[in-house]
Structure formats: C-alpha cells, structure tokens
Amino acid sequence: MQKNQKEKWSVRRGTRRTTALLTAIVMMISVATVYAASIKGITLYCDGIKREFFTARSTVGEVLKDNNILLGELDKVEPAADQLLSEETTITVSRGVRITITDKGKIRSVITTAMRAKEALEENGIFLNEHDMLSCRLEDRVEEGMNLLVTRVTLGYYEENVVLPYEVEYRDNDQLPFGTENVLQEGEDGVMVRGTQIMYCDGVEQDHIVVKEERVREPIAKIIERGTDNAYVTASGDMIAYKDVITCSATAYDPSHQSPGSRYYGLTAMGTRARVGAIAVDPRVIPLGSKLYVEAVDGSWSYGFCTAEDTGGAIKGNRIDLFYNTRREALQFGRRQAKVYILE
C-alpha cells in the first residue's frame, strides 16, 4: 500500500515538471515571434553614404539617435522624425546649406537641401532654357556658400546685302601708245546676302557669327585696253614707259673710292649726294640726269629705278657703275650684264 502511494506521487511530480517546461517553451516562442514581427529593414541615406540594416525601433527619430545622426537647424529628414517605421523604410537626411542664386539681375540668398545645382534651381522655380548658361555644371553638388549665376542667353538674326566689288582687268595692246586706255566693258558690282546670328547675354550683345553667305549676283569685271608700245613690265609688276633700252656691263662702287678729306667726298659729278639710286654712266651714252630702270638681262636681279648722276674714269661706253652703301655689297655684286631702260 505504501509502495503504491509513492508511485502515485512520483507520477504527479513528473506531470507538473512537463507542464512547466511546455509552458516556458510556448512563452519563449511567443516572445520570439513578437520580436521578429517588430524587426524592420532600414535603408538610410546621410552625408552621401548609404547604409542598410535591421532595427526593432519604432520611429525614424529613434533610428537617427541609434546612428548618432544629429539634425541641424537647416537640415531635413524624410520621413519626419516622429513617423512610425514600416516593414521596409527608406530614410533620407538632407543637410541644408545657404546659397546665392543670381538670375536676371536679381540676387537671392536661399536655404536648400538639394543635392545638385539643377535641383536647387528648380526648387526655387528657376528653369534653364536651351541656350542659357550656369556658372557650374547642373550635376555639381551643392555646397555651403555656393553662388549659382544664371546667364539668360537669347539669339537674334539679321540679313544684309553685301556689295562684291568688281575687279579691273587690263588687256595690253602693243599697237597703242603707252598711256592710252580704252574701256572695253564697264564693271558691275555683285551682291551677296549675309546672315548673321547674334548672341545676347542678359540682354546685352556679346558675340556674333556669320551663318549664311549666299551670292545672288556675281560681279562683272571692268575690262580696260591699255597701250604698251615702248612699255615694259618690271619684275615687281610696274609698267614703265621707256624711250630706249641698252645692254651694259654693270659694276658696283661704294663711298670708299674717294678720300674722306676730299672736297668732293660723298658727292656725285652732278653735285648731288652719293646714294643708292644714283649711278655712274658714260654721259656720251646715257646723258646725266636721265631716269633709268636697271635689272639683269635674264631678270634674275634688279637694281630698280635710279638716276644717272655720276661719272668715272673707267666708266666708258656701255658700262655703268651702281652705288652701294658698303664695300661688302659692292664686292659681292662684282660684274654683271644688265639691261638699262632709259625712261620717258
């Protein structure tokens, strides 16, 4: 009897232990379920950094506090700090900065939480047209103290008629006396339409560029017949009238041929100053005072226009002596064959 009593008490104690254990397990599962239900996924953007994590906190403000994020007077957070968290919540902290915007001559100091210059402008109702300019790139980050200078650009256009002057064309006629001119065809100016685009910055003209040139009428050349009898076209393109041309042996001299102490030092036979352009001749062949043009027989060099003003003991017949300023130039010239045109 006593043995049966003990067995009954043992069964009762085991049952109580099992019940307590099961109750504890159920309570733990309930707590874990409630905790798991309170966990939220958070994506946090702050100071250019993206963070992703889980939290059991209830509000946005609690998440900011856990992450040691303090909001300044100008800062903004979305959603608001007292907003309850959902299962998946994205929190964005925008730091407020003070910037200056200049547009159409008006300067504004504003506070913005925009990340980019474009957003800051649009936030303040400023939109850029196709040709407008900004002092920075639209995608540049907004910083404290930044000055956004907007330049309003407009384009203008106008057309004008531009005169195309006619050219003068000469036709030489060696059957006509030198100096004779006959107009064979009158000239007529042409016309070109020129289109110009003008750029205005804030209403002030800054630049212009030609974008169109259309020739609507070509110019017609004026044709002149000119007499070239006893005329010669020099190497430089000048046409000269001459009464005679002779071939001479040409040498050169310089001031050293006279003694510096001589009363005639630096003077020509005509009493003029010795200089480049005053040459020595045989007066029996070329009269003193004659206007001349001297160049190589083959046209390879030219002394140019000069005057017969000097003579020399060795200058006889078809020989001329060309004056140069230095001994080196005279020696370098040496002796050459020349054509001498005696001008009208």
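Colleague: Which residues in the largest nonpolar core touch the most other members?

Modeller: A general idea helps here, which is that in soluble globular proteins nonpolar side chains tend to be buried together. In this structure, which is a predicted model, the largest nonpolar core has 27 residues, and those that touch the most other members are Ile279, Ile286, Val294, Tyr303, Ile320 and Leu322.

Colleague: Which helices and strands each supply at least two residues of this core?

Modeller: At least two residues each come from β16 (239-253), β17 (278-280), β18 (291-296), β19 (302-310), β20 (319-323), α4 (327-333) and β21 (336-343). Strand β16 gives the most to this core, with five residues.

Colleague: Taking one member of that core, what does Ile320 touch, not counting residues up to four places away in sequence?

Modeller: Ile320 touches Cys248, Ser249, Ala250, Thr251, Ile279, Ala280, Val281, Ile286, Val294, Ile315 and Val340 when those sequence neighbours are set aside. There is also a second, separate core, which has 15 residues and includes Val110, Ala117, Ala120 and Leu148.

Colleague: Before we go further, how many helices and strands are there in the protein chain?

Modeller: The protein chain has four helices and 21 strands. Of its 344 residues, 33% are buried, and among the contacts with a separation of 6 or more, 62% are between residues 24 or more positions apart.

Colleague: How should I read a sheet, and in what order do the strands stand in the one that contains β1?

Modeller: A sheet is read by following its strands from neighbour to neighbour, and in this open sheet of four strands the order is β2-β1-β4-β3, with mixed pairing. The edges are taken by β2 (49-55) and β3, each of which has a single partner strand, so one side of each is left without a neighbour in the sheet. On average, and with direction ignored, neighbouring strands of this sheet are turned by 15° against each other.

Colleague: In what sense do β1 and β2 pair, and over how many bridges?

Modeller: Strand β1 (residues 40-46) pairs with β2 in the antiparallel sense, and the pairing runs over seven bridges. Within it, Lys40 stands opposite Thr55 of β2.

Colleague: Is Thr55 buried or exposed?

Modeller: Thr55 counts as buried, because its relative accessibility is 9% and the cut-off for buried is under 20%. A polar atom of the Thr55 side chain lies 3.0 Å from the backbone nitrogen of Arg57. Leaving aside neighbours within four places in sequence, Thr55 is in contact with Ser38, Ile39, Lys40, Ile42, Val63, Asp66 and Leu85.

Colleague: What is the strand order in the open sheet that contains β5 and β8?

Modeller: That open sheet of four strands has the order β6-β5-β8-β7, and its pairing is mixed. Its edges are β6 (106-112) and β7, each with a single partner strand, so each has one side without a neighbour in the sheet. Strands β5 and β8 pair in the parallel sense over three bridges, and Thr100 stands opposite Asn147 in β8.

Colleague: Turning to charged side chains, how many salt bridges are there?

Modeller: The rule counts a side-chain nitrogen of Lys or Arg within 4 Å of a carboxyl oxygen of Asp or Glu, and by this rule there are 20 salt bridges. One of them joins Asp75 to Arg95, with the closest N and O atoms 2.8 Å apart. Asp75 lies in the loop between α2 (60-66) and β3 (76-78), while Arg95 lies in the loop between β4 (88-94) and β5 (97-103), so the pair ties together parts that are 20 residues apart in sequence. Arg95 is partly exposed, with a relative accessible area of 28%, and a network of salt bridges links Asp47, Asp75 and Arg95.

Colleague: Where do Asp132 and Arg152 lie?

Modeller: Asp132 and Arg152 form a salt bridge whose closest N and O atoms are 2.7 Å apart. This pair links distant parts of the chain, 20 residues apart, with Asp132 in the loop between α3 (117-123) and β7 (133-134) and Arg152 in the loop between β8 (147-151) and β9 (153-164). Asp132 is buried at a relative accessible area of 11%, and Arg152 is buried at 13%.

Colleague: Which parts does the pair of Arg226 and Asp172 tie together?

Modeller: The side chains of Arg226 and Asp172 meet in a salt bridge of 2.6 Å, N to O. Arg226 lies in strand β14 (residues 222-229) and Asp172 in strand β10 (residues 168-177), so the pair ties together parts that are 54 residues apart in sequence. Arg226 counts as partly exposed at 23% relative accessibility, and Asp172 is partly exposed with a relative accessible area of 47%.

Definitions and conventions:
Residues numbered from 1 in each chain as written. Predicted model: local features only at pLDDT ≥ 70, side-chain atom pairs only at ≥ 80, totals over all residues. Heavy atoms only, no water. Buried < 20%, exposed > 50% of the residue type's maximum accessible area, 1.4 Å probe, protein only. Core = buried A, V, L, I, M, F, W, Y, C linked by side-chain atoms within 4.5 Å. Contact = heavy atoms within 4.5 Å. Pairing = 2+ DSSP bridges. Axes fitted to C-alpha atoms, helices over the stretch in contact; angles between N-to-C directions. Polar contact = N/O pair within 3.5 Å; in protein donor to acceptor, adjacent residues only side chain to side chain.
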